[in-house]
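Let's take a walk through a protein model, one stop at a time. Keep the picture open as you read.

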Amino acid sequence: MKVVISSGHGKYIRGAKGPEPWGLDEVDEARRVVDQAADIMRDLGVDVTTFHDDVSNDQDENLNRIVNFHNAQGSHDLDVSVHFNSAEFNGSNQTNNPVGTEVFYESSAGKEYAGDVVDAIADTSGLINRGAKDGNLFFLSNTNEVAILIEVCFVNSRADVDIYHNQFDGICLAIAESISGEESVGRPPIELPPPGILFHVSGRCSSFGGPSDTGVSASEGLAFIYDYDEAPHLFLEHQPSGTTGLARRLNSGIFYIACRWDYDVTPRSEEH
């Protein structure tokens, strides 16, 4: 299978942008999704070509440059454009309510792909499923091959943004698996480190922290970090609504390791 996938808009033709400090930037996030979903598809045996427009200075040039790139890749199975949505909500440019994910198509073959992708994203992430939609969009009308346009979520929905941060990896995996028709079995196991390390563990992994982790209380903190300013790179810029603790403020889109410690064996006073 051969897929060409690109991010919507461009470096100089910015798309939607949610409200500060928690809203999403469409161009930045679309690029993240494209690159990660493409890497997963390659692991699944798909021939994938990616594209981000770093050149265009106006909208017409941007639309044509993206479509021309897709059409220049020769015969392939599917064209994919990744976007993020935005809307006005009762006169406001933001909402705390969930809005959801949707995928647009134009051809009958595109409809099948669109349905598979939107169902997979919604089922994996918990985003509201707005469905596969027949859309008269430039990208869909002007690419030569079967095409879909993904609207991952709404940049100005606080609930969507929280889900997106918490489920980023799952969303990218859902896109890759639903397009390829293959199921990821994970990457090869990592070899154990050499002797002399402090400790090692093995077993099942789970996620910890973030706005959607109701397994920790709304006020739960962390063991060795007591303030946002100590490690801002680990946290969301804005404290999630209804919470006060750093555990629920952790950015699930960032990779980190969380460990439970027995303070009777390793007291906090012996921090290293």
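Helices (H or I, at least four residues) and strands (E, at least two) are DSSP runs, numbered from the N terminus. Residues are numbered from 1 along each chain as its sequence is written. This is a predicted model, where local features need pLDDT of at least 70, side-chain atom pairs count only at pLDDT 80 or more, and totals for chains, interfaces and linings use all residues, while side-chain values use heavy atoms, with hydrogens and water left out.

Our opening stop is E151, which sits in strand β6 (residues 147-154). A residue is called buried under 20% relative accessible area, exposed over 50%, and partly exposed in between (1.4 Å probe, protein chains only). For charges, Lys and Arg count as positive and Asp and Glu as negative, while His and the chain ends are not counted. A salt bridge, in turn, is a side-chain nitrogen of Lys or Arg within 4 Å of a carboxyl oxygen of Asp or Glu. With that in hand, how far from E151 is the nearest side chain of opposite charge? That side chain is R130, 8.9 Å away, and E151 is buried with no salt bridge.

What E151 does have is a link to the backbone: its side chain reaches the backbone nitrogen of N85 at 3.2 Å. That's a polar contact (a pair of N or O atoms within 3.5 Å; within protein, one must be able to donate a hydrogen and the other to accept it, and residues adjacent in sequence count only if both atoms are side-chain atoms). Setting aside residues up to four places away in sequence, E151 touches H83, F84, N85, T101, E102 and F104, where contact means heavy atoms within 4.5 Å.

Now hop over to E29, in helix α1 (residues 26-43). E29 counts as buried because its relative accessible area is 11%. Not counting neighbours within four places in sequence, E29 is in contact with L24, F84 and Y164. The C-alphas of E29 and V82 lie 9.2 Å apart in space, though the two are 53 residues apart in sequence.

E29 also has a salt bridge, with R32 (2.8 Å, N to O). The two are 3 residues apart in helix α1, so about one helical turn separates them. R32 is partly exposed, since its relative accessible area is 32%.

There are 11 salt bridges in the whole structure. One of the others joins D28 to R14, with the closest N and O atoms 3.0 Å apart. This pair ties together distant parts of the chain: D28 is in helix α1, and R14, 14 residues apart from it, is in the loop between β1 and α1. Which residues share a network of salt bridges with D28 and R14? They are K17, E20 and D25.

Last stop: helix α2 (residues 59-71), whose 13 residues reach 18 Å from first C-alpha to last, close to the 18 Å expected at 1.5 Å a residue. (The expected span is 1.5 Å times one less than the number of residues.) The buried residues of α2 are N62, I66, V67 and H70. Looking down the axis of α2, you'd find these buried residues within an arc of 120°, so they line one face of the helix. The arc is that of the directions from the helix axis to the C-beta atoms. Covering those buried residues are elements including β1 (2-10), β2 (47-53), β3 (78-85) and α4 (138-142).
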